[in-house]
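User: Please explain how the descriptive terms for this structure are justified.

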Protein chains: 2
Amino acid sequence: MQSRRAFLAGTVMAPAVLRGASSYTWTEVEKILASGNVKGKLTKDDLPTPALLVNLDAFEANVSKMAGYLKSKNRGFRPHGKTHKCPEIAKRLVAAGAVGNCAAKLSEAEVFARAGLSGLLVTTAVVGKYKIERAMKLAAQRPDTIFVVDNAQNLRDLDAAAGAAKVKLNLAVDLLVGGRTGIKAGDPAVALVEGMQGLKNVRFAGIQAYAGQASHVTGFEKRKQVSRDVMATAVETRRMLEKKGIACNWLSGGSTGTYNIDSEIDGVTEIQPGSFMFMDIDYNRIGGADGNAHYGDFRNSLTVMATVVSKPADSTAIVDAGLKAFSTDRAFPPETKDKMPVTYAFGGDEHGKLTLGEGAYAFQVGDKLEFIIPHCDPSVNLYDRIFACRGDQVEAVWAVAARGMSQ
Amino acid sequence: MQSRRAFLAGTVMAPAVLRGASSYTWTEVEKILASGNVKGKLTKDDLPTPALLVNLDAFEANVSKMAGYLKSKNRGFRPHGKTHKCPEIAKRLVAAGAVGNCAAKLSEAEVFARAGLSGLLVTTAVVGKYKIERAMKLAAQRPDTIFVVDNAQNLRDLDAAAGAAKVKLNLAVDLLVGGRTGIKAGDPAVALVEGMQGLKNVRFAGIQAYAGQASHVTGFEKRKQVSRDVMATAVETRRMLEKKGIACNWLSGGSTGTYNIDSEIDGVTEIQPGSFMFMDIDYNRIGGADGNAHYGDFRNSLTVMATVVSKPADSTAIVDAGLKAFSTDRAFPPETKDKMPVTYAFGGDEHGKLTLGEGAYAFQVGDKLEFIIPHCDPSVNLYDRIFACRGDQVEAVWAVAARGMSQ
């Protein structure tokens, strides 16, 4: 972060504003993009905006840090694919030591499986005749896939379908620890798992306990308390099962906000964080274990690059990124990557309205800026590709192949 | 809308909840979907959720009403493609009498052009070397395309590029009437148009005056006042040009909220509404010319269908549609199509949490519901296809081919 004084002295503008254009024609750029072989050929300035960028140095540091931390704590690392929806990233995570990848929905998992990935955990229950049919195909193709269940009828449906498809289904019980899906911890969960024991076509895989609400509690100590309280019910359920002689060797939970909390809890075997690889303003605000209000364990690697398309007044610039370029589910707007004296406000579906502070008036039509994103997951879901950059060089173009796969 | 009493008597559940499944396998459904020939073969219950549906009866009534109204007022009808991003819909609008279609961005217009559409108006200025190159290709391919400009340097760049590409570019001046893009009405706009007169490769097309803020003013009389005030500056600019001997036969503005206001203003020649075809909760709230708080000129044709995937308590049901299934830029949540005693709250990226009122406890895992959308444009932009339905029958699958085309 640069100081305001440095900005006013004119030393900050350079990294964010890419003036001029390369000597290519657009036809040439299109050909390079289509070839997939972009390294050494394209810079950020060659990209049409709005564009979703990842800073590879920051991304790689984030992945390495999370993988290293969880390894040091002897916990499994199964990062959540709902964040990136991108098989290229899922493969890099496995290369960094992940045991596999989570997928929020069946259709997302299908995309990962088609790309050759295994070790999949589908974190939402598979419901309905057609989806169960699809799940059986996925299980046949990738036998180590874990599905979740929180409902006795759904369990019977899955067992029957698995029998008909001649597959053995790995089924975890989804615990209600996050105020959303799942069966109540303790007796109800134990009863559901006991119900599995008599079924021929399912294998009890363990417990999923994802506490979404704990991840975003502001203040580390408070977050720790919330997460420990709710995860205690999951650990207790695991103990109850083991007392009954039901082996339960797997308990998956945690998030970017609680990775260093849940991995200290005895009984939690695996962490499923997602946002850590990109980060966003929302997670920056939850506060770190070091007491800082800014949660800085991971770097902000993800940005949206936009272009000024109109300058209706000296202190106002309109960029080409609006409601369709950023998710809007948080109460705060995007921020410039280089902390410029620029305030972004949504200007409808297609535009953002920048109020330019002193020193930023120099922005002109055609200038480009990068913005840090309020909430990464639903923003990534707006784009078909991520441009992976090292400095201003574009090293790779990654397809967001599971974009829109919410089914 | 059904009464609460009728709902409690159990007569409302039927239309929204589609129990059971057809006799197809998913493999058969996939084949039918891939064939594109779905009519008479699929019902809503065959669709994977979350799914974006359009009620064809309501959609056709909306299109027919808007086209008929504008024809009766002798105004051009150039509906905005940013709402639907769907060439199939753009073609239907032309068939209903539209003079062409608007596109918010160049890449959106390119999709429409590739689908064979002409009469395009690109409503955001085309900025930067590569985009100008692309615009010249579009102009060569569809010579009746109108582009907009609000900046003298951009005007010179466009003229030079048009000269090099040997095309004659139709250029409208984009007026600052909506608090976003554009040049100030009056003298600044006139000066820009005068600057066009000496250029060899551009043809002055007229004035674009889109007042986004006027569209959503609550209360018809207040909205009328706001729109008339701001559109007066556009009409005055037109008069100033004509006084100088510059022909200005085209003035495009208006929206779903002001179609019956702006088409009464002398000098406005064309209306560019978008949301009327789908409608949303946001537009329902602006109030009608009839004095009703509910703006009911057009029917709600667009819904998202979701499935209950968990039932953690009698009064709570979790559906599979969350932040990635609905846009979140409005302060109010989705509502059930049939006005059930059900309150939706976002439950993260992937889920919605329904608080079930008395009488709605009967919802079970696997049941499906349809939701009216808070804001149609950015919600459509989340989906790759729209399922066009007549009653419960799926008549067609329309590709949202310009989804994500915000460049």
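User: What makes strand 11 and strand 16 of chain A a pair?

Analyst: Five bridges join strand 11 of chain A to strand 16 (residues 368-372) of chain A, and the two run antiparallel. Two strands pair if DSSP finds at least two bridges between them, so these two strands qualify. Within this pairing, T303(A) stands opposite I372(A). Strands here are DSSP runs (E, at least two residues) and helices are likewise DSSP runs (H or I, at least four), numbered from the N terminus. The model is a predicted one, in which local features need pLDDT of at least 70 and side-chain atom pairs count only at pLDDT 80 or more, while totals for chains, interfaces and linings use all residues. Residues are numbered from 1 along each chain as its sequence is written, and chains are lettered from A and ligands numbered from 1 in the order in which they are written.

User: Which other strands are joined to strand 11 of chain A?

Analyst: Strand 2 (residues 51-55) of chain A is joined to strand 11 of chain A by four bridges, antiparallel, with A51(A) opposite M305(A). Strand 12 (residues 316-319) of chain A has three bridges to strand 11 of chain A, also antiparallel; there V308(A) has V319(A) as its bridge partner. A hairpin through two residues connects strand 11 of chain A with strand 12 of chain A.

User: Why is strand 11 of chain A called mostly covered?

Analyst: A residue is buried if 20 or more other C-beta atoms, placed from the backbone, lie within 10 Å of its own (exposed if 12 or fewer, partly exposed in between). In strand 11 (residues 302-313) of chain A, 10 of the 12 residues are buried, so the strand is mostly covered.

User: How do you know how the two chains are related?

Analyst: Superposition is by least squares on the C-alpha atoms of residues with pLDDT of at least 70 in both copies. A turn of 180° and a shift of 0.0 Å along the axis lay chain B on chain A with an RMSD of 0.0 Å. The copies are therefore related as by a two-fold rotation axis. In chain B, the C-alpha nearest that axis belongs to T328(B), 2.9 Å away.

User: What makes residues of chain B count as being in contact with chain A?

Analyst: Contact requires C-beta atoms, placed from the backbone, within 7 Å of each other. By that criterion, 58 residues of chain B are in contact with 58 residues of chain A. Among the elements of chain B that each supply at least two residues to this side are helix 7 (129-141) and strand 11 (302-313).

Technical notes:
Contact = placed C-beta atoms within 7 Å.
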